[in-house]
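Open the model in your viewer and keep the selection box at hand. We will move from one stop to the next.

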Amino acid sequence: MSMRILIIEDEKKVANFIKKGLEEEFYAVDVALNGRDGFELASKEEYDLIVLDVMLPYIDGITVTRELRKKEITTPILLLTVKETIQDKIIGLDSGADDYLTKPFAFEELLARIRALLRRKEQNKSIGLKIGDLILDLQSHNVKIKDKEIILTPKEYSILEYLMRNKNRVVSRTKLVEHVYDYHFDTETNIIDVYINKLRSKINCDSSKPLIQTIRGAGYMMKDD
Ligand code: CA
């Protein structure tokens, strides 16, 4: 399925130039020639990316960006503008846009930035953590090892997720306690050792080396190798 891109740009020549170029790269492209129509389309339809001019009739690009973000539409937005001051860039990015390109630009640069934004979007979609045969699904909270489901308590899950997110880094007991409990837990970091032992017995089914390693005097680490 091809990626859908919305271009909101009032200069017809520029809009058509971008549309034609993107279609040659096999993107599906819609064009809106003012901020109002663009906002409508962006709120109604699902796009993978929006190329948005800043100076537009009816509603300017910055306002369009702000209003879309207010509606929790998170489609990546690449702003196009003739302005080039730092202040304008800051306003643009603060409004919720993801990137910024100053006119006139080379089509190749536009394309490269679009590709980068789409890649980033794909990465954000990734919903799983994986270390060796161990897979943790961040949405369903399912944990599997070699396709076998592992039943964890919420605290065990929380510790495992934290260790997996920090893979290849040593995580101290204190950090784990802070992560697992909302309140301050002064000296009771031993509780973490209890959870870690339980976790180990659940996830270390048949692997020869422990998935969760004890780093003496420092804490725990999960290694990806
Ligand atoms: Ca314009």
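Two strands count as paired if DSSP finds at least two bridges between them. Keep that in mind at each strand below. Also note that this is a predicted model.

**Stop 1: the calcium ion.** Select the calcium ion and show what surrounds it. Which protein donors does the calcium ion have? They are Asp10 (OD), Asp53 (OD) and Met55 (O), at 2.1 to 2.3 Å from the ion. Along the sequence, these donor residues follow the spacing D-x42-D-x1-M. Asp10 sits in the loop between strand S1 (4-8) and helix H1 (12-24), while Asp53 belongs to strand S3 (residues 49-53), so the pair ties together parts that are 43 residues apart in sequence.

**Stop 2: the two aspartates.** Turn on the surface. Is Asp53 buried or exposed? Asp53 is buried, at 3% relative accessibility; the cut-off for buried is under 20%. Asp10 is partly exposed, with a relative accessible area of 30%.

**Stop 3: strand S3.** Select residues 49-53, which make up S3. Of the 5 residues in S3, 5 are buried. In a regular strand, side chains alternate between the two faces of the sheet. Show the side chains of S3 and look at each side in turn. Leu49, Val51 and Asp53 are on one side, Ile50 and Leu52 on the other, and both faces are covered.

**Stop 4: the neighbours of S3.** Add S1 to the selection. S1 and S3 pair in the parallel sense, over 4 bridges. Find Ile5: opposite it in S3 stands Leu49. Now add strand S4 (residues 77-81). S4 runs parallel to S3, and 4 bridges join the two. Which residue of S4 is the bridge partner of Leu52? It is Leu79.

**Stop 5: the whole sheet.** Zoom out. In what order do the 5 strands lie? The order is S2-S1-S3-S4-S5, in an open sheet with parallel pairing. Colour strand S2 (28-32) and strand S5 (99-102): these are the edge strands, each pairing on one side only. Look along the sheet next. Neighbouring strands are turned by 20 degrees against each other on average, direction ignored.

**Stop 6: helix H3.** Finish by selecting H3. H3 packs on the sheet and touches S3 and S4. The direction of H3 makes about 165 degrees with that of S4. Trace the chain from S3 through helix H3 (residues 61-70) to S4: together they make a right-handed β-α-β unit.

Methods
Residues numbered from 1 in each chain as written. Predicted model: local features only at pLDDT ≥ 70, side-chain atom pairs only at ≥ 80, totals over all residues. Heavy atoms only, no water. Donors = N, O, S within 2.8 Å, 3.2 Å for Na, K, Ca; no water. Buried < 20%, exposed > 50% of the residue type's maximum accessible area, 1.4 Å probe, protein only. Right-handed = clockwise from strand over helix to strand, strands pointing away. Axes fitted to C-alpha atoms, helices over the stretch in contact; angles between N-to-C directions. Contact = heavy atoms within 4.5 Å.
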